Amino acid sequence: MEITMSEAIKNKRKRNPKRYGFHTFGDPGCPITFTGPFRDNIRVFLQECGEIEDFNVQGMPTWCTLLVNEKNGVVVPLYTIEESIKHSLRPFCDYCRCIGWSHHFVSKRRYHLIIPVDDEWHKVPNKSVFDLHTHLLHGLIHCNGFGHLLCINGLEGGSKFLCGREIMDLWDRICNALRTRKITVEDVSKKRSMDLRLLYGVAYGHPWFGRWGYKFCQGSFGVTEHKYITAIDMLSSINLNNIIEDFIKSGKDRNHIKQIIRIYREMSETQLITIRDLLRFMLVTHKSPSKPPNSVVKPITRSLQQQRSPLKDISNNIKQIKYKNFGSFAVEMASRWPVRRLEYAAEVIVGALKENGAGMSRQEVRDAARLHIGDTGLLDFVLKSINNLIVGNHVVLRATNPSTRILEFTIHEIGGDDVSKPNVTICVAAPTIHTSPAGLDVYQDVLYLYTQVLLGYSKCKSLTELTGLATQTVLDSKHFVKEWPLRDEEDELLRFLCRVMPSCVELETELTRPFLTSPGELVVVPLHATVGELKMAVECALRDTYCVLEKFVVRDLGGFEGVDDEEVLFGAVESGAQIWVLGSGVDVGNNDQLKYEGGADSWTVDCSCGARDDDGERMVACDICEVWQHTRCSGIDDAQAVPPLFLCARCSASLMPSRVENYCMEAEYA
C-alpha cells in the first residue's frame, strides 16, 4: 500500500526509530557483529537495524535506517529495498553481464541500498528510484553476496552535507560488516572534463576507488589486466625533462609547460622526476588551503615576472550566423524515428545543457539525457545531428574546447518571435578564453598536463602511437572489483565454500555455460556439526539463494563419499575448505528462463579487439553470421547510426561483390 509523503513522515515520528552514527555505522560490533553469509546477515540487518516502512516501491518491501552525521547533526536516511526476482520486471542483471558474470545463476533476491539526494530525504521513493543516477549512494547486492556499486555522489554531485569519501567509507564498512563477497563498480567519474581513472591511474597507480581496495576486473575492447598495468606503468614513467625537450622539438607552447614543471619542482621538498611525481604533488597541493605558504609565494611571483603576459585573451569578432530551426530540420532528416520523438530528444538535451550551465562533452550530455530517454540509438542520432540548430529559445552549438581538445556542446539563449521561423540570422560572439599563469590555479595546470601530455603527448611517431594506445587502454578499463576472501575466524563456527557438481545429464542438456567458474556458495555451520547436518545446510542454502536450484537435492559431498552422516566434521576437514556438492534437481521447468544472470538468450561475441563476451560497449551483429562485434572496432563512430545492413569483415570477404550488392539492395528496400 502506498501512502503520501506527509503520512510517511508522521508515521516515522510515531515509531521513533533507532539512530546510528554515520561515521561509525558498520564498524566492528556497530551496530552488531554478523557471522553468517550475506544472505543471512542482510536479514538480520533489516530486522535489527531497519524500520519497515508503511509504503513499498513497485510492490517491494522497504526498510529505513537513520544515520546521524556526528559533524552537523543531520539525519541521513539509508533505504534498503528487497527485490524479489520472480516478481521483478527486470529479472536478469545487466551489470553482471557486462563484467563477466553472465554465467552466475540468477539469485532469488537482490537488495538495493540507497541514500537519496538531499532534497529527497523526506519523500517516499517512487517507482523510478532504481534508474536514477542522482542518489548519494546506490548499491545493489545479490543475496549470494555478489553486487555492484552503481553510483556515489558527494558535494560535487549535489550533496550539501556529505563528501564522496565519507559516503564511500560508509559503503565499504557496510560491505565489510555484511560479509559481501565481490562488489564491482564502473568508474566513469570525471573532474569536469578529466576522466579520473586516467588521472588517478597515472598519479597513484590505481583509480579513485582503489583507496578502498578496488582493482581491475574486466576491460572493454579486449583490454586485459596485463595490458592495463603495462599502460599505467608506461604513462606514469614519462620523464619531465623529456617532456620539455619534446615540446621544444614539436613547436608547442614550450614556455608554459616549462613554467608549470619548474614552479612545482621549486614548491616540492622532494625531487619530481616523472609525470606521476608531478601530478601526485599537484593533486595534494590542490587540496591544500587556497592561500599558499610563504615557501610557495616566491616561485609563483618569480613565474609571474618571467611570463610576459600574465593573462591571455583570445576573442573572435561578433559574426552573423544563420541558424535553422530544429523542427524544420527534423522533417528533412532521414530517420526511422518520428519528428515528435526527435524534437523531444532535442528538448531533453537542451534541458541537460541548461541544468549544467556550461559546456558538456558528448558523453556527459548522453549520460544526462539517458535519465529521461532509454533509446540510446535515438540519442546518438540526435547528438550526431544537433549543431547550429534552434531548439525552443536556445541555439545549440558544438565545438572543440581549445584548452581540453574535447568536443563540447553549449547553448545560447535567444529571444523574439523569430525562433519559430525555419531560418534565423543571429549575432553571436565567441567566448573569451583565459589562460592563467602557471602556479596560480593548480586545477588549470593539472588540466593542461592532462590534455597536452596524457591525451596529446608527442615524442616521435612510434612513441606517439604507443602513448596513445596506452591512454586508450586506461580509458577502456572502466570495471573494477573488490573481493572479500573467505575468512576463517577463531569462533565456534566452520565455514565452507560449496560448489555444485550437477549430474551428467544436466551438464549435457541444461547447463549451457561453464559451471566450473560459478562462484560457489558460502555455508556456515556450528563447530561440532556432522556431515549430515552440513548436507542439509548446503541444500537449504542453494534452494534459498538460486531460482534454478529450488528443487536441488544433495546426494553427497566431495571427499566424504562413503562417510557416515553422523560423522563429526571437526578434525576431518579444515574450516575454509572448498567442497564439491554432488546432487541433482536443477529446475528446468518454470524456472528455465531464470537460469543465468546473463539472460536466456545466447549470443556469440568475436571482435577483432579480442573481446569474446559482452562488455557493455556498443555492438552490432553481422546480418549473415550473427556474430557480435564492437561498432568502434568495425569503423562505426559512436555518433553514427548502425547501418541497416552490416556485414563483418569475414562474411564480406567470403561473398562475391555481386552478392554483397544484392544484400545491400535488399536491405535498402526492406
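**Briefing: a pocket lining, strand β3 and the cysteines**

The lining of the second largest pocket comprises, by class, 13 nonpolar, 10 polar and nine charged residues. The model described here is predicted. Besides that pocket, this briefing covers strand β3 with its pairing partners, and the cysteines, among which the structure holds zero disulfides.

**The second largest pocket**

- The space in the second largest pocket amounts to about 560 Å³, and 32 residues line this pocket.
- Of these lining residues, Phe146, Arg181, Lys182, Glu483 and Trp484 lie nearest the centre of the pocket.
- Four strands, namely β11 (215-218), β20 (479-483), β21 (493-501) and β22 (521-526), each supply at least two residues of the lining.

**Strand β3 and its neighbours**

- Strand β3, which spans residues 60-68, is mostly covered, since seven of its nine residues are buried.
- Strand β1 (residues 19-21) runs parallel to β3 and is joined to β3 by three bridges, with glycine 21 standing opposite valine 68 in β3.
- Strand β2 (residues 51-57) pairs with β3 in the antiparallel sense over four bridges, and in this pairing asparagine 56 stands opposite proline 61 of β3.
- The hairpin formed by β2 and β3 has two residues between the strands, and glutamine 58, which lies in the turn, has a positive phi of about 55°.
- Strand β4 (residues 75-84) also pairs with β3 in the antiparallel sense, here over seven bridges, and proline 77 in β4 stands opposite leucine 66.
- In the hairpin of β3 and β4 there are six residues between the strands, and glycine 73 takes a positive phi near 80°.

**Cysteines without disulfides**

- Why does cysteine 49 form no disulfide? The closest cysteine sulfur, that of cysteine 30, is 8.6 Å from the sulfur of cysteine 49, which is too far for a bond, given that a disulfide requires the two sulfur atoms to be within 2.5 Å.
- Cysteine 49 is also buried, with a relative accessible area of 5%.
- For cysteine 96, the closest cysteine sulfur belongs to cysteine 93 and lies 3.6 Å from its own sulfur, which is likewise too far for a bond.
- Cysteine 96 is buried as well, its relative accessible area being 2%.

Note on methods. Residues are numbered from 1 along each chain as its sequence is written. This is a predicted model: local features need pLDDT of at least 70, side-chain atom pairs count only at pLDDT 80 or more; totals for chains, interfaces and linings use all residues. Side-chain values use heavy atoms; hydrogens and water are left out. Buried means under 20% relative accessible area, exposed over 50%, partly exposed in between (1.4 Å probe, protein chains only). Two strands pair if DSSP finds at least two bridges between them. On a 1 Å grid over the protein atoms alone, a cavity is a set of points where a 1.4 Å probe fits but cannot get out, and a pocket is an open set with protein on both sides within 12 Å along at least five of seven lines; lining residues have an atom within 4 Å of a point. Grid points are joined across faces, edges and corners, and a volume is the space filled by probe spheres set on the points. Ala, Val, Leu, Ile, Met, Phe, Trp, Tyr, Cys and Pro count as nonpolar, Asp, Glu, Lys and Arg as charged, and the others, Gly among them, as polar.
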